[in-house]
Structure formats: C-alpha cells, structure tokens
Amino acid sequence: MTYVFSPTAVPSLAVAGSADLFPVRRILCVGRNYADHAREMGSDPDREPPFFFSKPGDAILPASGTVPYPTQTSRLEYEVELVVAIGVGGSSIPATSALDHVWGYGVGVDLTRRDLQQQAKDTRRPWDVSKGFDASAPVTPLIPAASLAGGPGAGRIWLAVNGGVQQDGDLADMIWPVADIVAAASRSWRLAPGDLIFTGTPSGVGPVSPGDAVTGGVAGIGSFEFTIGAAPAA
Ligand code: MN
C-alpha cells in the first residue's frame, strides 16, 4: 500500500535552545480567559465555563520574520496568548493531574480577522474563516515544562505594535488556569501528543497593518518580534 501522493509535511515548532522540533497535531483555543478582555468584547466573564474553537495545525508559523497579511479582511487583530503544548494524550483528564500531560509552553498570537468574526457572530455562522485561516497562529519556540520553575501560574504577558504597548496583563489574571483548561479541553476532545492549546488573551486587542512591527512575550517563557507582511492583491 502506498499513498497516492506524498503526505503533506507535519507542521512543527522549534524547541528553544535545541535543534529538536515539536510536531503539531491541532490547535485548540480558549475563547475568553481574562475578565478584562471578556468585558471589552461585550460579555460577562463571571460565570462562563471555558469554551473552545480551533485552528488547523498547519496554521502555525514561527513568530519571527514576516507574518503574511491574510486575504478577505480589512481588520486583522492580534491576541497574545500563553500556548500549552500537550505531550501526553488523554480524555477526561482531572485538573489535579493535567499538568502531567503538558510537554511545554510557548507564546502565540491568535490572529483574527475581526471583521469576519463580527459577521459570523451577527449571522450565527462558524468562526473558522475568522480564526482558522492560513498563518493565523504565530508561535515562539517552545520551552519544556520541566525547565519552567514554579509553573506557568504567573508572569507578565504583553504585546506591542511599533513599540507601543497595547496588551499588558499577567497570567495570574487568567479566569481558568492551565490545569483547568487542559482538563476542560479533554472533556470535549481526546487530547493527543502534539496538540496545542491557546489559553486566551488579556485586554487591549486591536488592529495591525502591513509593515507594523509586532513584539511581545510572556515573562519566563519567550518573546517574539515579527513584521506584518504586505496586503494581498485585491
Ligand atoms: Mn484568542
């Protein structure tokens, strides 16, 4: 038996300080996980359990160099997020052991075609075209969980555009900490090695334009610097 053509290469992320690669399977994203961002998007953060949407695994790209400006939007927005990289799969994982399933952490930007997301909300259509587009998930090199003394419970998370800080929060402000997010995701999907979970963004989301320099990071985990590419031909 043989494939009718060569399979597409497995998407992967760099591992900080190593030549090794982390093979990516799929990307789950928490919709709201910081109270101030939930409020800025018009919802009440107090009693909502975490909800998830997804991006395909091949939406990842390095959070460096040039990140292309996507087609079909005039409102591309950034959302800086802690990214959890799953190394051990499972379903219905208890929060008490969820961190044992985490291989490592990175910093990602959940790029969003905000205009198309608003249309989707208004017309009750799916979010795929607004969230899961090509190159919608720049991510830094990952660091192994074992190297993160004290765990990912706190630390500054920030993003700047052309040097002006737009998002400036702390992981301690997450409504659902990492263990609860992994546990919740595993109740809806069987997690497998290579899955990434974007854990939500603090307030301050906003647009970027072609040529903008985007920098940011999470203290103790990683930082990034990339430029938004030229607008595609109409
Ligand atoms: Mn997000």
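Okay, one bit of vocabulary before we start: when I say "strand", I mean a DSSP run of E that is at least two residues long, and the strands are numbered from the N terminus. With that in hand, glycine 65 is found in strand E6. Keep in mind that what we're looking at is a predicted model.

Let me stay with glycine 65 for a moment. Is it buried, exposed or something in between? Glycine 65 is partly exposed, because its relative accessible area is 46%, and partly exposed is the range between under 20% for buried and over 50% for exposed. If we skip its neighbours within four places in sequence, glycine 65 is in contact with Glu225, Phe226 and Thr227. And here's a fun pair to find on the screen: glycine 65 and proline 50 sit 15 residues apart in sequence, but their C-alpha atoms are 32 Å apart in space.

Now zoom out to the whole protein. How many helices and strands are there? The protein has four helices and 18 strands. Its radius of gyration is 17 Å, close to the 17 Å that the globule rule gives for 234 residues, so the protein is as compact as a globular protein of that length. If you draw a box along the principal axes, the C-alpha atoms fill roughly 50 × 45 × 40 Å.

What about inside and outside? Of the 234 residues, 49% count as buried. The accessible surface comes to about 10900 Å², and carbon and sulfur atoms own 53% of that. Then look at who touches whom: taking the contacts in the protein with a separation of 6 or more, 74% are between residues 24 or more positions apart.

Back to E6, and the sheet around it. This is an open sheet of five strands, running E6-E18-E17-E13-E14, and the pairing is mixed. E6, which covers 64-67, and E14 stand at the edges with a single partner strand each, so one side of each has no neighbour in the sheet. Going from one strand to the next, the twist averages 20°.

Let's walk through part of that sheet. E13 is residues 156-161 and E14 is residues 164-170, and the two pair in the antiparallel sense over six bridges. Together E13 and E14 form a hairpin with two residues between them. One residue in that turn, asparagine 162, has a positive phi of about 50°. E13 also pairs with strand E17, residues 213-218, again antiparallel, over five bridges.

A nice residue to click on here is valine 161. Which residues are its bridge partners? In E14 the partner is glycine 164, and in E17 the partner is valine 214. Next to that, alanine 160 has threonine 215 as its bridge partner in E17.

There's another sheet worth finding. This open sheet has three strands in the order E10-E7-E16, with antiparallel pairing. The edge strands are E10, at 112-113, and E16, at 206-208, and each of them pairs on one side only. E7, residues 76-78, and E16 pair over three bridges, and leucine 76 stands opposite valine 208 in E16.

That takes us to the metal. Which residues hold the manganese ion as protein donors? They are Glu79, Glu81 and Asp110, using OE, OE and OD atoms, at 2.0 to 2.2 Å from the ion. Along the chain, the spacing of the donors reads E-x1-E-x28-D. Glutamate 79 is in the loop between E7 and strand E8 (80-86), while aspartate 110 is in the loop between strand E9 (102-109) and E10, so the pair ties together parts that are 31 residues apart in sequence. Both glutamate 79 and aspartate 110 are buried.

Last stop, two helix residues. Serine 186 has its place in helix H4, residues 178-188. Serine 186 counts as buried because its relative accessibility is 2%. Leaving out residues up to four places away in sequence, serine 186 touches Gly90, Ser91, Ser92, Ile93 and Leu191.

Aspartate 122 is in helix H2, residues 114-123. With 56% relative accessibility, aspartate 122 counts as exposed. Aspartate 122 and alanine 9 are 113 residues apart in sequence, and C-alpha to C-alpha they are 37 Å apart in space.

That's my tour, thanks for listening!

How values were computed. Residues numbered from 1 in each chain as written. Predicted model: local features only at pLDDT ≥ 70, side-chain atom pairs only at ≥ 80, totals over all residues. Heavy atoms only, no water. Pairing = 2+ DSSP bridges. Donors = N, O, S within 2.8 Å, 3.2 Å for Na, K, Ca; no water. Buried < 20%, exposed > 50% of the residue type's maximum accessible area, 1.4 Å probe, protein only. Rg over C-alpha atoms; globule rule 2.2 N^0.38 Å. Contact = heavy atoms within 4.5 Å. Areas by Shrake-Rupley, 256 points an atom, 1.4 Å probe, with all protein chains shown as cover. Axes fitted to C-alpha atoms, helices over the stretch in contact; angles between N-to-C directions.
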